[in-house]
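Grab a viewer and a coffee, and let's work through a few exercises together. Try each task yourself before reading its solution.

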Amino acid sequence: MEYITINGGRRLQGSVDISGAKNAAVAIVPAAIAAKGICTIENLPAIKDVRVLVGALKNLGIDCEFTDTHTLKIDSHNIKSCAITYDQVKDMRASYYLLGALLGRFKQAQVPLPGGCNFGLRPIDLHIKGFEALGAKINIEHGMVIAEAEKLTGANIYLDISSVGATINIMIAAVYAEGVTHIENAAKEPHVVDTANFLNKLGAKIKGAGTDIIRITGVESLHGGEYSIIPDQIEAGTYMIAAAATGGDVTVNHIIPKHMDSLSAKLTEMGCQVIEDGDSIRVIGTEHLQACNVKTMFYPGFPTDLHPQMSALLSVAHGTSLLTETVFEHRFQYVKELLRLGANMKVEGRVAIIEGKSSLSGTQVTASDLRAGAALIVAGLAADGTTAIGNVKYLDRGYERFEEKLTALGANINRIQVDD
Ligand code: EPZ
């Protein structure tokens, strides 16, 4: 069993380079299947979700080769199959993007239903609604989504919820739909825009990504091309929050500051100095962090993926904070672990009521999902004594070289193996 141990109470100082965005990578790598030429994707994060996806593409007979740690070359002209098995992708959720890419280009796809996770059912009914509107026939049997279409035809698709996954998946498939497709009430997250920009680089005709209505005009084919993905908004936010939680002074580099606006505003409200400079943001913490209220919303609102980390920060602020989760119904799994670290909080419905304390105290805790694990890292960095975090496999899905980057900022953090 692997644990990450942290001897907390040390101020983080220095600068950290942010990796490419996980949630852009897991969309753009499958989207490359839609291209009839070779795609070179740069600035990919070296994380498990990307490795799992590359393994799945290779199992389809697609040539994938890392030309360096962060650059992947994808050539799908030798593809042998459009059927993904459960075992190939059971360790990640975003395998559903393979549906949109395979259905779009090859008019067929067989992809396992994504598992739920510890913070909700996470259905894909809106993805399926979109594919059916484009003319696909979808069957779900034995845990597999089986999609096929004679052809795809442009349609007007209204999303009941501004789902990131549904927006991106339908957009990828619609590239090859004859005529014009409108996705209404579309998600506006940075990785939606990044995927649209990637596809347009390959010859797609997508307009309006980043707004409520995305218009896709179908094309005959996509050529290959080179593309560098955006930096990870959530990784950057995690380090900004860790800086504030330790009263530190940290500069996050290679980011797009605009993507961080909602968090920057909250950290400023709490009394931190947040200084933007080109593609960096410097966060200078304060001994007197002030409580504040947070409500997660679709972009450009406060991201749900920074909710657990923000809770850890609010646990060491002065005063009472309310954190409202509006996106996922069960994103409070991490709370019981923060309570073990001495946090004083309770959850009523979708609202966490957090009574800030001067400090937390380290102990053994277990990550229940990726961002819950990140919250425990933040809390452990701020806590007195030693914190040991189990289930680090979740962290490896979404954070590149997490311990190494934190050590460079002055954290006393290690990964240890313990015999079961
Ligand atoms: C993406 O998940 C991200 N994952 C999540 O990040 C992120 O939390 C989420 O968007 C919201 O920003 C990836 O991009 C790989 P949604 P996704 O569809 O697309 C409901 C992380 O830690 N819904 O925007 O699955 C759903 O239940 C992960 O990096 C439907 O009802 O999220 C939720 O309540 C965690 N039907 C809401 O919409 C559907 O068909 C938003 O989900 C799809 C979604």
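What follows is three exercises on a sheet, the nonpolar cores and one helix.

This is a predicted model, where local features need pLDDT of at least 70, side-chain atom pairs count only at pLDDT 80 or more, and totals for chains, interfaces and linings use all residues. Residues are numbered from 1 along each chain as its sequence is written, and side-chain values use heavy atoms, with hydrogens and water left out.

**Exercise 1. Work out the strand order of the open four-stranded sheet and explain what happens at its edges.**

Step 1: get the vocabulary straight. Helices (H or I, at least four residues) and strands (E, at least two) are DSSP runs numbered from the N terminus, and two strands pair if DSSP finds at least two bridges between them.

Step 2: go pair by pair. Strand 4 (63-68) runs antiparallel to strand 5 (residues 71-75), with five bridges joining them; one of the pairings puts Cys64 opposite Ile74. Strand 5 is also antiparallel to strand 3, this time over three bridges. Strand 3 (39-42) then pairs with strand 13 in the parallel sense, over four bridges.

Step 3: use Ile41 as a check. Its bridge partner in strand 5 is Leu72, while in strand 13 Ile41 partners Tyr227.

Step 4: put it together. The order is 4-5-3-13, with mixed pairing. Strand 4 and strand 13 (225-228) each have a single partner strand, so one side of each is left without a neighbour in the sheet. The twist averages 20° from one strand to the next.

**Exercise 2. Find the residues with the most contacts inside the largest nonpolar core.**

Step 1: define it. A nonpolar core is a set of buried Ala, Val, Leu, Ile, Met, Phe, Trp, Tyr and Cys residues joined through side-chain atoms within 4.5 Å; buried means under 20% relative accessible area, exposed over 50%, and partly exposed in between (1.4 Å probe, protein chains only).

Step 2: read off the hubs. The largest core has 84 residues, and Leu98, Phe198 and Leu222 have the most contacts inside it. Its largest share, eight residues, comes from helix 6 (residues 164-174).

Step 3: look for a second one. Another core, of 69 residues, lies apart from it and includes Phe332 and Ile377.

**Exercise 3. Is helix 10 (residues 307-314) enclosed or open, and why?**

Step 1: go through the residues. Among the buried ones are His307, Gln309 and Ser311.

Step 2: conclude. Eight of the eight residues are buried, so helix 10 is largely enclosed by the rest of the structure.

How values were computed. Axes are lines fitted to C-alpha atoms, for helices over the stretch in contact, and angles run from 0 to 180 degrees between N-to-C directions. Contact means heavy atoms within 4.5 Å.
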